[in-house]
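Please open the model in a viewer and keep the selection tool at hand. The tour proceeds by selecting a few residues at a time.

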Amino acid sequence: MSLTLRVRTPEGLAFDGPVDAIRAEDADGWFGILPGRRDVVAVLPPGLLLFEDAEGDGFVALSGGLLELTRDRCRVVVREARVAREAEAAADALDTLIEARRARIEHRRGVMEDLEREALRRLARALEEAQR
């Protein structure tokens with residue numbers, strides 16, 4: 001008996017195949033999934049998902065997402081994922097994903113600051129015009 005692991009990103013499937021075991025992390029810590037486990041839904045933070053299959057150990061560096069296990073079918077939906085067979089390659093992929101996430105956050109922060117400044121300028125202009 002085995003599990004089916006499917007990791008999906010907006011670009012398509014990052015991984016789809018049978019696995020013997022899965023280890024993932026949520027807000028409460030690491031947990032394992034073996035065939036026959038009860039159904040589960042978990043929110044995954046940026047990090048690693050580990051699996052074992054016929055080829056050996058596998059790693060999925062992911063940007064955070066959602067894991068759903070239903071009847072030995074594990075679906076993981078994430079924004080970005082990189083599959084690796086070596087721990088070092090997985091660590092490098094995770095570093096890249098985390099850096100990209102930081103860049104997106106900084107970009108959003110900059111956009112929000114620009115919007116706030118523009119809103120304050122417009123408010124000040126409207127108040128000046130109302131006082132005339």
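Which residue in S9 is the bridge partner of Glu 68? Select Glu 68 and then Arg 75: Arg 75 is its bridge partner in S9. Before continuing, note that this is a predicted model, in which local features need pLDDT of at least 70 and side-chain atom pairs count only at pLDDT 80 or more, while totals for chains, interfaces and linings use all residues. Residues are numbered from 1 along each chain as its sequence is written, and side-chain values use heavy atoms, with hydrogens and water left out.

**Strand S9 and its neighbours**

Select residues 65–70, which form strand S8, together with S9; the two run antiparallel and are joined by six bridges. Strands here are DSSP runs (E, at least two residues), numbered from the N terminus, and two strands pair if DSSP finds at least two bridges between them. S8 and S9 form a hairpin with two residues between them. In this turn, select Arg 71, whose phi is positive, at about 45 degrees.

Next, add S1, which pairs with S9 in the parallel sense over five bridges. Here Arg 8 stands opposite Val 77 in S9.

Now display the side chains of S9. In a regular strand the side chains alternate between the two faces of the sheet. Cys 74, Val 76 and Val 78 point to one face and are buried (under 20% relative accessible area, 1.4 Å probe, protein chains only). Arg 73, Arg 75 and Val 77 point to the other face and are not buried.

**The cavities**

The structure holds two cavities of 30 Å³ or more. A cavity is a set of points on a 1 Å grid over the protein atoms alone where a 1.4 Å probe fits but cannot get out, and lining residues have an atom within 4 Å of a point. Volume is the space filled by probe spheres set on the points, which are joined across faces, edges and corners.

Stay with S9 for the second largest cavity, which contains about 30 Å³ of space. Select Thr 4, Leu 5, Arg 6, Arg 73, Cys 74 and Arg 75, which line this cavity. Strand S1 (3–9) and strand S9 (73–78) each supply at least two of the lining residues.

Finally, select Ala 24, Glu 25, Leu 44, Pro 45, Gly 47, Leu 48, Leu 49 and Leu 62, the lining of the largest cavity. Its volume is about 40 Å³. S6 gives the most to this lining, with three residues.

Notes:
1 Å grid on protein atoms, 1.4 Å probe; cavity = no way out; pocket = protein on both sides within 12 Å on 5 of 7 lines; lining within 4 Å. Helix = DSSP H or I, 4+ residues; strand = E, 2+ residues; numbered from the N terminus. Buried < 20%, exposed > 50% of the residue type's maximum accessible area, 1.4 Å probe, protein only.
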